[in-house]
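Hi,

Here is the structure I promised to pass on. Have a look at it first, and then read my notes below.

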Amino acid sequence: MSHTTPAPDPATAAPSPYLSHADDRVWELRYWNPDETTGSVLYRDPLAALHRLACLIRPRWDRIVGTRPFGDVIPATPPTEDLAATNSYFVAQPNSREGYWLVLRLLDRLPQSLRDLPVDETRVPDPGPEFALGNVGGDWICVCGNDPSTDGFETCAPDGREVSPYADGPWDGLHYLCARCGRILIQPSGRVIGRTETRG
Ligand SMILES: [Zn+2]
């Protein structure tokens, strides 16, 4: 067995603000489901990629209606917010054969398989409320770029106080605090509902 550790891929390992743009970056969206094959699409704006993903999954909403991912029942109709819709949809079916990746790539380091794809230059002018991105590999990515492999998240109360993670303890199973910027997130939509003043 080898004990060597592969060098981190700078295209995906470097901390990067999830909602920022840079001209040398694109976001690869790959979505798949059991009924059809879907390839990768490259986007300049991650919110444009998520808008596309929300349009793909809203017609499939009946597959998750009434499920209870966190003691919270998925509503009968999808949220109008793209991030709330995509987060809720995929969090509600974590073991499904349906899923997606949204991965930051550097243009000059694109894999050969992506070299010839056009880049969608659509920009989302008004991103609206803030949402963390949920369930990419089962992890949250905060608006600030933090994820569980870097600074991570703490279980917290709705006001951001850190609380015990145990199900029978004071934690409600819904709220997380970003350990980097202090944003308070609520599952399953990933919506940012506040920010503590002691961080960030
Ligand atoms: Zn954060």
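To start with one residue: is W32 buried, partly exposed or exposed, going by its C-beta neighbours inside 10 Å? W32 has 14 of those neighbours; a residue needs 20 or more to be buried and 12 or fewer to be exposed, so W32 counts as partly exposed. Keep in mind that this is a predicted model.

W32 belongs to strand β1. If you leave out residues up to four places away in sequence, what W32 touches is T38, E98 and G99. There's another tryptophan to look at here: W101 is 69 residues away from W32 along the chain, yet the two C-alpha atoms are separated by 9.2 Å.

**The mixed sheet**

Strand β1 is part of an open sheet of four strands, ordered β3-β1-β2-β4, with mixed pairing. Which strands stand at the edges of this sheet? Those are β3 (99–106) and β4 (119–120); each has a single partner strand, so one side of each is left without a neighbour in the sheet.

Strand β1 covers residues 25–32 and runs antiparallel to β3, with eight bridges joining the two. If you want a pair to click on, V26 has R105 of β3 as its bridge partner.

Helix α2 lies across the strands of this sheet, namely β1, β2 (40–43), β3 and β4. Relative to β1, α2 runs at about 15°.

**The helix pair**

Next, how α2 meets α3. Helix α2 spans residues 46–57 and helix α3 spans residues 82–91; they pack with their axes 9 Å apart, at an angle of about 55°. That angle makes α2 oblique to α3. The crossing of the two is left-handed.

Which residues make the contact? From α2 there are L50, H51, L53, A54 and I57, and from α3 there are D82, L83, A85, T86 and Y89. Sorted by type, the residues of this contact come out as seven nonpolar, two polar and one charged.

The spacing on the α2 side can be read against a general point: an α-helix has 3.6 residues a turn, so residues three or four places apart point the same way.

Helix α3 is also worth a look for burial. Of its 10 residues, 10 are buried, so α3 is largely enclosed by the rest of the structure. The buried set includes the contact residues D82, L83, A85, T86 and Y89, and N87, S88 and F90 are in it too.

**The antiparallel sheet**

Further along the chain there is another open sheet of four strands, in the order β7-β8-β9-β10, and here the pairing is antiparallel. β7 and β10 are the edge strands, each pairing on one side only. On average, neighbouring strands in this sheet are turned by 35° against each other, direction ignored.

Going through the sheet strand by strand:

- β7 (residues 153–155) pairs with β8 over three bridges, antiparallel. F153 is opposite C178 of β8.
- β8 and β9 (residues 183–186) also pair over three bridges in the antiparallel sense. H175 has I186 as its bridge partner in β9, while L177 has I184.
- β9 and β10 (residues 191–195) pair antiparallel over four bridges. I186 is matched with R191 of β10, and I184 with G194.

Follow those pairs across and you'll see I186 bridging to H175 in β8 and to R191 in β10. I184 does likewise, with L177 in β8 and G194 in β10.

Are the faces of β8 (residues 175–178) covered or open? Both are covered: H175 and L177 lie on one side, Y176 and C178 on the other, and all of them are buried.

Two hairpins link these strands. The one formed by β8 and β9 has four residues between the strands, and G182 there takes a positive phi near 85°. The hairpin of β9 and β10 also has four residues between the strands, and in that one G190 takes a positive phi near 80°.

That's what I have so far.

Cheers

Technical notes:
Residues numbered from 1 in each chain as written. Predicted model: local features only at pLDDT ≥ 70, side-chain atom pairs only at ≥ 80, totals over all residues. Axes fitted to C-alpha atoms, helices over the stretch in contact; angles between N-to-C directions. Parallel < 35°, antiparallel > 145°, perpendicular 65-115°, else oblique. Left-handed = near helix turned anticlockwise from the far one by under 90°. Contact = placed C-beta atoms within 7 Å. Nonpolar A, V, L, I, M, F, W, Y, C, P; charged D, E, K, R; others polar. Pairing = 2+ DSSP bridges.
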